[in-house]
Number of protein chains: 2
Amino acid sequence: MAKARQNAISPTRAEDYAEWYQQVIKAADMGESSPVRGCMVIKPWGYSFWENIQRSLDERLKASGHANAYFPLFIPKSFLEKEAEHVEGFAKECAVVTHHRLEPGPDGSLVPAGELEEPLIVRPTSETMIGAIYAKWVQSYRDLPILLNQWCNVVRWELRPRLFLRTSEFLWQEGHTAHETSEEARAETRKVLEIYRGFVEDCLALPVVVGVKTAAQRFPGAVETMCIEAMMQDRKALQAGTSHYMGQNFAKASGIVYQSREGREEHAWTTSWGASARLIGAAVMTHADDDGMVMPPRLAPAHAVILPIFRGPDERRAVLDYAEGVAAAVRRLETPWGGKIEVMLDSRDMNAGEKGWEWVKKGVPIRVEAGPRDLEKNAVFVARRDRGPRDKYSQGRDDFIASLPAVLRDIQDGLFARAKAFRDANCRDIDDLGEFKAFFTPARPEKPEIHGGFALSHWCGDPACETRVAEELAATIRCVPLDREKSGPGKCVVCGGGSEGRVPFAKAY
Amino acid sequence: MAKARQNAISPTRAEDYAEWYQQVIKAADMGESSPVRGCMVIKPWGYSFWENIQRSLDERLKASGHANAYFPLFIPKSFLEKEAEHVEGFAKECAVVTHHRLEPGPDGSLVPAGELEEPLIVRPTSETMIGAIYAKWVQSYRDLPILLNQWCNVVRWELRPRLFLRTSEFLWQEGHTAHETSEEARAETRKVLEIYRGFVEDCLALPVVVGVKTAAQRFPGAVETMCIEAMMQDRKALQAGTSHYMGQNFAKASGIVYQSREGREEHAWTTSWGASARLIGAAVMTHADDDGMVMPPRLAPAHAVILPIFRGPDERRAVLDYAEGVAAAVRRLETPWGGKIEVMLDSRDMNAGEKGWEWVKKGVPIRVEAGPRDLEKNAVFVARRDRGPRDKYSQGRDDFIASLPAVLRDIQDGLFARAKAFRDANCRDIDDLGEFKAFFTPARPEKPEIHGGFALSHWCGDPACETRVAEELAATIRCVPLDREKSGPGKCVVCGGGSEGRVPFAKAY
């Protein structure tokens with residue numbers, strides 16, 4: 001038997017999934033924890049990925065009629081208190097600003113001074129602040145709809161942080177819209193959910209289930225929360241975006257009142273929706289392997305890296321010239337999705353193997369080696385990140401260049417197909433409570449992260465059944481899928497009551 | 001005598017400059033104050049301008065080798081205290097987070113709870129946080145230079161806020177670099193200053209003086225602060241960007257130590273540099289007129305707006321089709337600076353005059369009216385925002401389209417030339433102290449904003465002379481220009497001591 005290949009990431013996914021995740025992020029140099037508890041540093045490779053996520057999602061939001069704006073970081077405590085469920089949801093984990101100065105204290109060290117009359121909360125989300133501002137802007141039905149979005153940082157105090165997935169400060173976009181009618185607001189909620197689905201599936205290559213949260217999982221203050229849910233490689237679920245229909249709750253709390261076409265004073269109907277840098281974590285957990293990150297080409301910080309291989313100064317000049325020529329030709333190409341192909345030329349003077357592995361770990365879709373023999377043959381040596389790290393092939397220079405856009409598309413499509421196949425293989429229709437329990441009971445108690453996946457089971461709609469599953473098995477209903485009825489009616493897996501269709505139960509991030 | 005035309009903005013610049021500024025921002029719908037003292041809302045038209053500023057400056061920073069990253073919002077108090085001058089500079093105006101929870105208090109209302117062991121400061125700037133992180137990253141000279149930038153929000157408590165120019169929370173970019181040698185760090189400081197100058201002059205059309213701050217105006221903790229200074233239409237100065245050479249001050253405070261090529265432990269040499277959304281205020285104060293905002297075409301949210309003019313449904317369809325055809329043709333054009341020409345078609349059903357004025361006030365470079373008679377002649381009626389609002393001309397459709405990129409360039413160049421001519425006309429060489437005093441004494445005491453402009457006077461280098469001017473005349477040395485010596489030597493306008501060249505004294509924002 002051939003000796004097992006050493007992986008670039010240790011531990012592997014099978015050995016310790018949670019630690020593997022941290023090590024992938026470290027090896028790809030995407031981010032790290034900071035000296036401030038719960039806050040992280042997003043390093044250039046991770047931030048560049050985030051910039052691509054932002055640009056792509058932003059384009060879609062703008063194309064659908066939304067504009068960007070910017071609202072204050074601080075929310076007066078009294079604003080947060082205006083909506084009872086909302087404050088209940090966020091009061092337990094918020095950063096409170098109480099002073100606006102530091103002054104030398106009795107022992108000479110600086111102490112907070114200039115106490116504020118009213119504490120300010122660092123926004124955990126901006127419904128209440130934006131609501132107060134919309135209340136000023138809206139007088140008549142003619143002022144509606146308002147369709148705004150902001151890209152910003154928010155803070156939700158986090159005692160058990162995890163890079164990208166759960167940090168006290170995180171980057172996100174939050175859209176806030178106000179409408180004349182309930183129907184219009186509901187349509188907006190669904191429209192944005194569909195934008196999220198399209199973006200996450202097409203660009204991040206994450207297949208998702210689209211649905212509605214149960215009451216237990218609703219955003220604090222929402223009438224209905226819609227979401228997209230993805231499956232990670234440890235078969236846990238991750239919520240990748242949410243879109244909330246608020247009814248008139250926040251309009252009433254904030255006083256967003258308009259004069260209707262009939263001359264009556266009415267409260268507006270609002271929505272909010274958000275997606276965050278957690279998507280970076282979702283991409284790592286879906287695509288990365290035991291050799292490091294695998295970037296989906298459509299959002300990769302670089303599509304290809306060229307690695308000149310040479311010994312001594314004689315070879316150096318000729319090989320570099322050749323590599324630069326290839327890079328220049330590639331830079332003239334467009335990706336299949338529009339925009340230039342980004343290619344890096346890594347001419348650092350270091351061990352070629354070590355250098356190659358750096359780019360494997362960063363997840364660049366295509367690595368191209370070019371040495372003296374390739375130059376002679378007018379060829380390049382190509383490796384795709386979606387294949388094994390030693391699975392390389394020689395290709396004529398012009399062929400390589402001509403085929404690159406199609407190869408990028410092939411990798412993108414392949415990542416999605418692979419993730420979808422994994423998810424589908426780990427979804428199981430379960431109708432028996434015993435089987436359901438076994439599904440969520442780790443086969444190896446020392447590895448609680450290894451469990452079944454998504455149990456597609458019937459649910460009667462009773463929160464008590466949902467709670468029982470959550471308490472006994474630490475699994476939740478991820479959403480009630482929009483196409484739930486396709487699975488046909490049945491009996492609740494917990495109580496045997498009537499059910500209109502299956503819903504996915506899963507452990508979740 | 002013809003009746004004076006009514007201006008769209010009241011008061012005019014001459015009547016009340018400070019109020020005019022607020023009214024321009026309101027009329028252009030760029031921003032407004034928020035319910036949180038000192039914090040503002042950036043509205044879509046203002047934010048879109050900011051996005052263009054960001055994109056353009058970001059490209060230049062990336063092209064010069066800088067990468068973006070993201071660092072924490074919160075800075076532990078002890079970090080801020082590490083550099084004595086730095087904390088002295090920022091302690092008086094900072095937002096202090098002391099708790100991480102709200103809990104019901106004795107009277108049932110929520111009160112701050114979960115007191116932090118160490119207060120956190122909402123970053124006023126990130127030297128100390130980023131310094132602590134660089135200290136971890138840097139071991140050897142091989143780890144240098146580090147050339148990072150972040151786009152983010154910062155907070156400096158502000159009791160007398162002014163939209164865009166001075167707010168408690170503001171948006172900016174802050175670059176932080178670490179180098180092996182003093183020379184390299186100094187070169188970086190100048191390189192970025194030159195990027196700022198190029199960007200601000202070429203894109204925002206703001207002519208600037210480039211120089212070095214005197215010790216009194218230096219960034220807290222810096223060895224040298226370089227800056228670009230612009231003149232507003234009230235002849236006051238506005239600092240439009242700064243670049244700081246820190247020497248080893250912050251490296252020593254944060255422990256950024258590297259092993260040198262000779263094997264010695266050395267402290268790194270650092271720089272930082274920033275430009276903020278204050279540039280929006282600078283653009284308003286430089287280009288806007290008594291009819292509202294005037295957007296520099298290179299960064300305008302839209303380059304042109306098409307206003308179909310029609311009466312009744314018969315005219316409506318034909319005119320809209322025609323207008324849409326013009327818009328489609330314009331959208332295929334590139335600006336002289338690369339990128340598509342952005343054109344809006346405003347087909348709202350409202351009074352045509354009122355509609356036109358909205359776009360005047362928003363400052364769109366080109367307004368195009370198209371009505372039934374234009375359609376017949378295959379022509380359009382064009383107005384340039386850099387000319388009077390009633391100065392319109394008819395132009396053949398194809399001519400208009402073909403000439404549009406050149407017209408945009410002409411407007412851009414014209415705005416710069418006009419601002420430069422204004423500045424030059426308001427710079428005066430002054431060698432006599434009496435004249436100097438008169439220059440900074442308002443001719444109309446009821447209008448303290450009306451004073452001389454930039455007094456180009458000699459200065460001996462003594463901080464006492466600088467302080468005397470600041471105290472008596474509320475004017476400061478804006479910078480010591482890099483080309484100071486061109487003006488030749490002379491005698492200090494205050495004390496008569498020797499001077500190597502003139503420096504601009506001015507009142508400033």
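**Exercise 1. Work out what chain A is built from and how its residues are packed.**

Solution. Start with the secondary structure: in this predicted model, chain A has 14 helices and 26 strands.

Next, look at the overall extent. Along the principal axes, the C-alpha atoms of chain A fill a box of roughly 80 × 65 × 60 Å. For 509 residues, a compact globule would have a radius of gyration near 23 Å, and the 26 Å of chain A agrees with that.

Now go inside. Buried residues account for 51% of the 509 residues in chain A. Here, a residue is buried if 20 or more other C-beta atoms lie within 10 Å of its own. Finally, take the contacts in chain A with a separation of 6 or more: 68% of them are between residues 24 or more positions apart.

**Exercise 2. Find out how chains A and B are related.**

Solution. Some background helps: two copies of a chain are related by a rotation about an axis and a shift along it. So try laying one chain on the other. A turn of 180 degrees and a shift of 0.0 Å along the axis put chain A on chain B with an RMSD of 0.0 Å. The two copies are thus related as by a two-fold rotation axis.

Which residue of chain A comes closest to the rotation axis? Val97(A) does, with its C-alpha at 2.1 Å. The same surface serves both copies, as 98% of the contact residues of chain A recur in chain B.

**Exercise 3. Describe the contact between the two chains.**

Solution. First, count the residues: chain A puts in 47 and chain B puts in 46. Then ask which element of chain A gives the most to its side of the contact. That's strand β5 (residues 96-104) of chain A, with seven residues.

What kinds of residues make up the side of chain A that touches chain B? They divide into 33 nonpolar, six polar and eight charged.

Now zoom in on the strands. β5(A) is joined by three bridges to strand β5 (residues 96-104) of chain B, and the two run antiparallel. For a particular pair, look at His99(A), which stands opposite Val96(B) in β5(B).

**Exercise 4. Trace the five-stranded open sheet of chain A and the helix lying across it.**

Solution. Read off the order: β16-β15-β17-β18-β19 (chain A), with mixed pairing. At the edges stand β16 (343-345) and β19 (392-396) of chain A; each has a single partner strand, so one side of each is left without a neighbour in the sheet. Neighbouring strands of this sheet are turned against each other by 25 degrees on average, direction ignored.

Pick one pairing to follow. Strand β15 (residues 304-308) of chain A runs parallel to strand β17 (residues 366-370) of chain A, and five bridges join them. Within this pairing, Val305(A) stands opposite Arg367(A) in β17(A).

Last, add the helix. Helix α9 (residues 312-331) of chain A lies across β15, β16, β17 and β18 (379-384) of chain A, at about 165 degrees to β15(A).

**Exercise 5. Do the same for the four-stranded open sheet of chain B.**

Solution. The order is β20-β21-β26-β22 (chain B), and the pairing is mixed. Which strands sit at the edges? They are β20 (427-429) and β22 (476-477) of chain B, each pairing on one side only.

For one pairing, take strand β21 (residues 454-458) and strand β26 (residues 502-506) of chain B: four bridges join them, and they run antiparallel. Ser457(B) has Val503(B) in β26(B) as its bridge partner.

Key
Residues are numbered from 1 along each chain as its sequence is written. Chains are lettered from A and ligands numbered from 1 in the order in which they are written. This is a predicted model: local features need pLDDT of at least 70, side-chain atom pairs count only at pLDDT 80 or more; totals for chains, interfaces and linings use all residues. Copies are superposed by least squares on the C-alpha atoms of residues with pLDDT of at least 70 in both. Two residues are in contact if their C-beta atoms, placed from the backbone, lie within 7 Å. Ala, Val, Leu, Ile, Met, Phe, Trp, Tyr, Cys and Pro count as nonpolar, Asp, Glu, Lys and Arg as charged, and the others, Gly among them, as polar. Two strands pair if DSSP finds at least two bridges between them. The radius of gyration is taken over C-alpha atoms; the globule rule is 2.2 Å times the number of residues to the power 0.38. A residue is buried if 20 or more other C-beta atoms lie within 10 Å of its own, exposed if 12 or fewer, and partly exposed in between; C-beta atoms are placed from the backbone. Axes are lines fitted to C-alpha atoms, for helices over the stretch in contact, and angles run from 0 to 180 degrees between N-to-C directions.
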